[in-house]
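Here are some exercises to work through with the sequence and the 3D view side by side. Try each task yourself before you read the solution.

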Amino acid sequence: MTEATPVDVVANLALVRDRIAAACEAAGRDRSEVRLLPVSKTHGQDVIRKAYAAGERMFGENRVQEAESKSVELADTLIQWSVIGHLQTNKAKNLAKFADEFQALDSLRLAAELDKRLQAAGRGLDVMIQVNSSGEPQKFGLPPEEVEDFAAQLGAYSSLRVKGLMTLAVFSSDPAEVGPCFERMVEVQRRLRDSDRAVGTWDELSMGMSGDFELAIAHGSTCVRVGQAIFGARLDPNAYWNTQAARD
Ligand SMILES: *Cc1c(COP(=O)(O)O)cnc(C)c1O
């Protein structure tokens, strides 16, 4: 085994921030419209502390238990945690304890359980609805045509502050395949804004990752979730996708 080349998190972060700024400029968008969510899954507290020292304040994690233990290890910081991966209903109580944001809401059963736990803890939570914009059967998220009905029922859960939508586009380097996923999201957002049943502003569109965040910004993303371009390649391939393989 050869040692992996050390990853310069601070330099990578600077590069990613520059690329986000350039993509905003190319799209004629204000830089303040797009936030970077560094995705720290599989990485330890040392690297997270480097990104924190470089100014990052919220980190994305796709597994709730991993996020929860990091929140304990890093309790001396001002870090906020965004859970971006599928959550089983029986883990809602863990998430309600520490998370500031949850981007993968995809069932009413989960919404009800989260609300119950959050109410008990006297906390609120920013949430996004995960949409399956690629139609791939292995991906989590609601089909685009079901989002309005789903969103219309979330008003019952007052601890959930519904901000918008999240998606994972098809995993491809071809913009002709990825772009339509992002367009579908903008379409769903427009439908929600026109809806008299789905209450909310629907401003957040969380889309774009290391491989496609510039394209996502061109299509209106407000939150890019970037892991590998900042922290380097992940060693655990199972940690990569938020897919069927992660169901248990
Ligand atoms: C891991 C992950 C990301 C980041 O992917 P990278 O390719 O490392 O940038 C974004 N969103 C979700 C839901 C993830 O699980």
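**Exercise 1. Sort the residues around the ligand.**

Task: How do the residues of the shell around the ligand divide into nonpolar, polar and charged?

Solution. Please keep in mind that you are looking at a predicted model.

- Step 1. The shell divides into five nonpolar, four polar and three charged residues.
- Step 2. Now look for the nearest ones. Of the 12 residues around the ligand, those that come nearest are Lys 41, Ser 210, Gly 227, Gln 228 and Arg 234.
- Step 3. Turn to the oxygen atoms of the ligand. One oxygen atom has a polar side-chain atom of Ser 210 at 2.5 Å. A polar backbone atom of Gly 227 is 2.8 Å from an oxygen atom of the ligand. For Gln 228, a backbone N or O atom lies 2.8 Å from a ligand oxygen atom.
- Step 4. Finally, consider the cover. On its own the ligand has 380 Å² of accessible area, and the protein covers 99% of that.

**Exercise 2. Describe Lys 41 and its neighbour in sequence.**

Task: Find Lys 41 and decide whether it is buried or exposed. Then do the corresponding check for Thr 42.

Solution.

- Step 1. Lys 41 sits in the loop between β1 (35–38) and α2 (45–53).
- Step 2. The relative accessibility of Lys 41 is 7%. Buried means under 20%, so Lys 41 counts as buried.
- Step 3. Check the record. An unreviewed UniProt entry annotates Lys 41 as "modified residue: N6-(pyridoxal phosphate)lysine".
- Step 4. Thr 42 is also placed in the loop between β1 and α2. Its relative accessible area is 33%, so Thr 42 is partly exposed.
- Step 5. Look at the backbone of Thr 42. Its phi is near 75°, a positive value in a residue other than glycine.

**Exercise 3. Another positive phi.**

Task: Where does Trp 202 lie, and what is its phi?

Solution.

- Step 1. Trp 202 belongs to the loop between α7 (175–194) and β7 (204–206).
- Step 2. The phi of Trp 202 is near 60°, which is positive although the residue is not glycine.
- Step 3. With a relative accessibility of 1%, Trp 202 counts as buried.

**Exercise 4. Follow the contacts of Gln 103.**

Task: Which side chains are joined to that of Gln 103 by a polar contact?

Solution.

- Step 1. Start by finding Gln 103 in strand β4 (residues 101–105).
- Step 2. Its relative accessibility is 0%, so Gln 103 counts as buried.
- Step 3. A polar contact of 2.9 Å links the side chain of Gln 103 to that of Glu 101. Another, of 2.7 Å, links the side chains of Gln 103 and Ser 206.
- Step 4. Compare sequence with space. Gln 103 and Ser 206 are 103 residues apart in sequence, while their C-alpha atoms are 8.0 Å apart.
- Step 5. Leaving out residues up to four places away in sequence, Gln 103 touches several others, including Arg 35, Leu 37, Val 83, Met 128, Cys 223 and Arg 225.

**Exercise 5. Sequence distance and space again.**

Task: How far apart are Val 47 and Ala 26 in sequence and in space?

Solution.

- Step 1. Val 47 is part of helix α2.
- Step 2. Val 47 and Ala 26 are separated by 21 residues in sequence and by 31 Å in space, C-alpha to C-alpha.
- Step 3. Val 47 has a relative accessibility of 19%, so this residue counts as buried.
- Step 4. Not counting residues up to four places away in sequence, Val 47 touches Val 9 and Phe 231.

**Exercise 6. A side chain that meets the backbone.**

Task: Which backbone atoms lie 3.3 Å and 3.4 Å from a polar atom of the side chain of Asn 132?

Solution.

- Step 1. Locate Asn 132 in the loop between β5 (125–130) and α6 (147–152).
- Step 2. The atom at 3.3 Å is the backbone nitrogen of Ser 134. The atom at 3.4 Å is the backbone oxygen of Lys 139.
- Step 3. Beyond four places in sequence, the residues that Asn 132 touches include Phe 140, Leu 142, Pro 144 and Thr 167.
- Step 4. The relative accessible area of Asn 132 is 11%, so Asn 132 is buried.

Note on methods. Residues numbered from 1 in each chain as written. Predicted model: local features only at pLDDT ≥ 70, side-chain atom pairs only at ≥ 80, totals over all residues. Heavy atoms only, no water. Helix = DSSP H or I, 4+ residues; strand = E, 2+ residues; numbered from the N terminus. Buried < 20%, exposed > 50% of the residue type's maximum accessible area, 1.4 Å probe, protein only. Polar contact = N/O pair within 3.5 Å; in protein donor to acceptor, adjacent residues only side chain to side chain. Contact = heavy atoms within 4.5 Å. Near = heavy atom within 4 Å. Areas by Shrake-Rupley, 256 points an atom, 1.4 Å probe, with all protein chains shown as cover. Nonpolar A, V, L, I, M, F, W, Y, C, P; charged D, E, K, R; others polar. UniProt positions renumbered as here; feature names shortened; annotations may be inferred.
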